[in-house]
Amino acid sequence: MRGTSGGGHANLGFFAAFTLIASGCISLRPYDPGPGRRVAALIVQDAYRSGEPINVTISNLSDVTLLYPDGFCKTKLQKRDGTLWRAVSEPSVCCPIELGFLDPGQTVVHQFRLPKGVAGGTYRFAIPMPTPEEATAPEPELLTPAFSVQDSSH
């Protein structure tokens, strides 16, 4: 009898040790799709009028906490000119000093206002890319989908 119960405990101990070793082989690195693919920016509508506010939804698609040091105040409005995009508005000179963070999977909404009297056409926002704290190189700008602006006379 004694040999039977002792063998059961030995097998249980072996199974527990095997489980620990096997689970140690699983990578615990957070999901990080890499520069330029960690964040998505979306807008609700396809068309706006000059002077109208636009809500931009910014989502962290990674498992990495991202930093944006300027509260998105360095966002530029760009207008399509043929195949090129040209800045219509330059970012604000005075930005908040506080650091902003996008937690893994977090989504935030920032409101940007179109300048009054902006001409009709196709536009987008170019936003400085939120990056991990340990980022060593600059990353491409975060671009919203294109949208149209109707002349205010319509």
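## Overall architecture

The secondary structure of this chain amounts to one helix and 12 strands. The coordinates are those of a predicted model. Followed along the sequence, the elements are arranged in the pattern α-β-β-β-β-β-β-β-β-β-β-β-β.

The chain has 154 residues, and 29% of them are buried. Its accessible surface is about 9,800 Å², with 58% of that area belonging to carbon and sulfur atoms. Among the contacts with a separation of 6 or more, 72% are between residues 24 or more positions apart.

## Strand pairing

One open sheet is formed by three strands in the order E7-E4-E10, with antiparallel pairing. Strand E7 (100–102) and E10 are at the edges with a single partner strand each, so one side of each has no neighbour in the sheet. Two bridges connect strand E4 (residues 66–68) to E10 in the antiparallel sense. Within E10, Pro-132 stands opposite Leu-66.

Strand E12 takes part in pairings of both senses: with strand E2 (residues 47–49) the pairing is parallel, over three bridges, while E9 and E12 run antiparallel and are likewise joined by three bridges. Val-149 in E12 appears in both pairings, as the bridge partner of Tyr-48 and as the bridge partner of Gly-121.

## Nonpolar core

In soluble globular proteins, nonpolar side chains tend to be buried together. Here the largest nonpolar core has 24 residues, and those with the most contacts inside it are Ile-54, Val-56, Ile-58, Leu-114, Phe-125, Ile-127 and Phe-147. At least two residues of this core come from each of E1, strand E3 (53–60), E4, strand E8 (107–113), strand E9 (121–127) and strand E12 (147–150).

Leu-114 illustrates the contacts made by a residue of this core. Leaving aside residues up to four places away in sequence, Leu-114 touches Tyr-48, Arg-49, Ser-50, Gly-51, Glu-52, Ile-54, Leu-77, Phe-125, Phe-147 and Val-149. Two of these partners, Phe-147 and Val-149, make up the covered face of E12, whereas Ser-148 and Gln-150 make up the uncovered face. In a regular strand the side chains alternate between the two faces of the sheet.

## Salt bridges

Side chains of opposite charge can pair when their charged atoms come close. The model contains four salt bridges. Asp-32, Arg-38 and Glu-139 are linked in a network of such bridges. Within this network, Arg-38 meets Asp-32 at an N to O distance of 2.7 Å, and Glu-139 meets Arg-38 at 2.8 Å, N to O. Glu-139 lies in the loop between strand E10 (131–132) and strand E11 (142–143), and Arg-38 lies in the loop between helix H1 (2–24) and strand E1 (39–43), so this pair ties together parts that are 101 residues apart in sequence.

The members of the network are not alike in their accessibility. Arg-38 has 7% relative accessibility and therefore counts as buried. Glu-139, at 19%, also counts as buried because the limit is under 20%. Asp-32, at 34%, counts as partly exposed. A further salt bridge joins the side chains of Asp-81 and Arg-86 at 2.8 Å, N to O. Asp-81 is partly exposed at 42% relative accessibility, and Arg-86 is partly exposed at 44%.

## The environment of Asn-60

Asn-60 is located in strand E3. Its relative accessible area is 3%, so Asn-60 counts as buried. The side chain of Asn-60 reaches two backbone oxygens: that of Leu-102 at 3.1 Å and that of Asp-103 at 3.1 Å.

Beyond residues up to four places away in sequence, Asn-60 touches Arg-38, Leu-66, Leu-102, Asp-103, Pro-104, Gly-105 and Gln-106. Two of these contacts lead back to features described above. Arg-38 belongs to the salt-bridge network with Asp-32 and Glu-139, and Leu-66 stands opposite Pro-132 in E10.

Definitions and conventions
Residues numbered from 1 in each chain as written. Predicted model: local features only at pLDDT ≥ 70, side-chain atom pairs only at ≥ 80, totals over all residues. Heavy atoms only, no water. Buried < 20%, exposed > 50% of the residue type's maximum accessible area, 1.4 Å probe, protein only. Helix = DSSP H or I, 4+ residues; strand = E, 2+ residues; numbered from the N terminus. Pairing = 2+ DSSP bridges. Core = buried A, V, L, I, M, F, W, Y, C linked by side-chain atoms within 4.5 Å. Contact = heavy atoms within 4.5 Å. Areas by Shrake-Rupley, 256 points an atom, 1.4 Å probe, with all protein chains shown as cover. Polar contact = N/O pair within 3.5 Å; in protein donor to acceptor, adjacent residues only side chain to side chain.
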